[in-house]
Structure formats: C-alpha cells, structure tokens
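I'm opening a fresh page for a structure I haven't looked at before. I'll jot things down as I look them up.

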Amino acid sequence: MSTANRDRLTLLIAGTLVSMAIAAWVPMVPAFNTAKSVEVSTVPVSALTTATREWAPIPSTGKAPSAHTATKLAAKGDGPVSIVRDPTDLPKSIGARGPQRVRVDFETIEVSGKLADGASYTYWTFNGKVPGPFVRVRVGDVVEVRLKNHEDSAVLHNVDFHAVTGPGGGAVATEAPPGESRGFEFRATNPGLYVYHCAIPMAAQHIANGMYGLILVEPEGGLPKVDHEFYVMQGEIYTEQPLGTKGALTESFKKLMDEKPEYFVFNGAVGALSAERPLKAKVGETVRIYFGVGGPNHTSSFHVIGEIFDRLYNLGTLTAPPLTNVQTATVPPGGAAVAEFKLEVPGKYMLVDHALSRVNRGLVGILEVDGPANPNIFKDYEPEKSAKSISH
Ligand SMILES: [Cu+2]
C-alpha cells in the first residue's frame, strides 16, 4: 500500500472512531450543529493525531462561533448569503505553457447560506462558495497550497487533494485551527480531473457541509478547445428538519450516518443551477462539463436530459481515450468525469442525477440553449399537418 493510501486509511479509521464517539453523544445532543457538539467532534481528533497544536478553545455553551462569521458575511444584505459557485467560475485553459510554480490560496469559511427558498443552513466552505475554487494546473507544475482557517471558524479544517501523491493528499500538512494558516507543496504528476475536500474527522460531516471542489491537472498541451466550460458538483445535505422546512436548518448526525440526505444539490443549494445561475450556450457551440461528486455518500448517475455526451472522460481520466456517445455517467463520491457535447437544437436541457427522486430533493440544473431551430435533428410533431400529408 502506498504512503498516501495508508494515510487515507488512517484518516478513515480516525473518522470512524470519532464517529463512534459522536454517536454515543447523539441522544443527548439532537442538534449537533452547536458549540457543544462541535467540541465533541473535534477534541478526539487532536488525541488521534500526534501533533500538538495551539488551538482556540471552543465555548461549551452559548452561540457557536460560526454564527459570528455568518453575521459578518451576511451584513451586506438581508438574510443568508448565496454560497452558490457560478458554474462559469473557472480559470482559462492552460494549453501549451511549460511546467511552473502555481500558488493556490484557500480560506475555510463557515457561513450561513441560502439552502432553498426561505431556508438557510450553516455551510462550511472553501472561499465562501460551494464547491470551492476550481484549481487548474498542468502536469509537472509545482503547486503551493496555502490554507487559512478563518478566525471565526468553530472547528479545524484542512484539504486533501486527490491529485496529490503524498500523505493524506495534503490533509495533515494543512490541518489548521481557527485563525491559523498551514500549507504544503506538491508536484502534479498525473493528469486528470480530481476531487479535493476537507478531511478533518468526521470527514463526511465536513464534506456534507460543503467542503469539496475540483482540481484539473491538464495533460501536456492542454485539452481541445471548446466554446464553454462549466464547473458542476453534486452534494448532499442532511438536515434535522424535513425537506421543505423554512427557517434556519440544522444538520442531522443520524441522517448523515444513515446516508439519508434531505437535500441533493448541484453547486451547493436548491435552484443553484436553475433559478439562480443556469448554464447558457448557443446552438452550434461545444460545451465541456467538469463534473464531480463531493457527496459524501451517494454515487451520481449524471445525465443531461435531451443530450448525449459525445465524449466522456470516464472517472476523470484524461490519458485514457474518452468513451463516445454516452447517455449517463456513473460518478462516485470523491470522483469526477468530463463530459463534452455539441449543441444542435435550442431549448432547455436539464442536468440531473438519473436517480430521479433526487430531482424532488433539489437536484436539477438547466442548460439554456438559444439559437435557430434545427428541424433536421428535431422537430415537434404536428398532428394536423402530418395527417394532411398522409391523406392526400
Ligand atoms: Cu473542514
């Protein structure tokens, strides 16, 4: 087993132990998104890792420090902020340049964000949005990662990049208490599209709360040009309150352990990629979707209704030849895929997980395609005209 794998396994085991510790608490702490339960979920972690660290004490009673952050970040407007990552918010393609040193700055921020109409949720984020920033490097680059945990955070955060060869994917090196910064550097050795996520135990909790993103390691020479690139990630949110409840929703440890989310979301929130930020393109254009599953638990059957993936870079590999003419992509938690297709017919195309019950839990996006009709490829059936043509 490689060192990285061993380290990931260690984290996994640590997470399990912490989970068991939390489970013992759950009957006493029904809403575990409180200062008291935060203490439970983090204190054993320091016991499980060897490093001694300075670490801001967490009050055992009163308001969770994360609420403080929420107030500050929400001050510009009324109500919770949007944590939705714009699907067009990704760096330009790297293309032909040679390897170089690249710096990536992360800040982990806990914030009250809009989950659905009339409902807010305390998200844990990289840089205030879900998913975190799209990191784009090329093979051979040396990537310097700096992670600052916001001073108002309630808990430790870190980052594990699946593109890293090294202990914990950087998780150990970046484990930062509130108000502190950590970092590491790595060489991007393997091209591909990879997930990154916070790996502080209980990692599933940190991921469910929004701490995931994608890093693209371009192969030498880059990727073929397309007209539009989009950044889409799928996640799950486990609230105490049933689907559709208004107000400030709190996280459910039991539902997380049972893997039964109330919400499934693209880019962090219900309506993120439909009402708030639909994808847009025109007839005749080509699109590439970088799709990843933060999860933490459910595999996606990613599908665009009314389209066929001309090319699918299955499982995020960019070195194996892409599959062609694919209807639905299986994308596991902690996995990714790149889907490319050309738009030939105008209309609204829905992005879904073809486990379609999830649409009703919030999991739907829209790709709006404008342009002239293309009756060669698609036309509405018009019964009257057709009837006439048959009858004469
Ligand atoms: Cu975290």
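These entries cover a sheet, a strand pair and a nonpolar core.

**Entry 1: the sheet.** Note to self: this is a predicted model. I looked up an open sheet and found five strands in the order S12-S20-S19-S14-S17, with mixed pairing. At the edges I have S12 (279-282) and S17 (328-331), each of which pairs on one side only. From one strand to the next, the twist averages 20° on average over the sheet.

**Entry 2: one edge, up close.** I followed S12 to its partner S20, residues 365-370. The two run parallel, and four bridges join them. Which residue of S20 stands opposite Leu279? I found Leu367 there.

**Entry 3: strand S11.** Next I checked residues 263-266, which make up S11. Tyr263 and Val265 point one way, while Phe264 and Phe266 point the other way. I looked for exposed ones among these four, but they are all buried. The back-and-forth fits the textbook: in a regular strand, side chains alternate between the two faces of the sheet. S11 pairs with S9 (residues 228-237) in the antiparallel sense, over four bridges. I noted one partnership here: Gln234 is bridged to Phe266 in S11.

**Entry 4: the core.** How many residues does the largest nonpolar core have? I get 94, and Tyr194, Leu214, Tyr290 and Ala337 have the most contacts inside it. Both domain 1 (3-218) and domain 2 (228-238 + 264-370) supply at least three residues each to this core. I then picked Tyr194 and listed what it touches, leaving out residues up to four places away in sequence. Among its contacts are Phe161, His162, Leu214, Gly316 and Ala336.

Terms used: Residues numbered from 1 in each chain as written. Predicted model: local features only at pLDDT ≥ 70, side-chain atom pairs only at ≥ 80, totals over all residues. Pairing = 2+ DSSP bridges. Axes fitted to C-alpha atoms, helices over the stretch in contact; angles between N-to-C directions. Buried ≥ 20, exposed ≤ 12 C-beta atoms within 10 Å, placed from the backbone. Core = buried A, V, L, I, M, F, W, Y, C linked by C-beta atoms within 7 Å. Domains from an automatic or database assignment. Contact = placed C-beta atoms within 7 Å.
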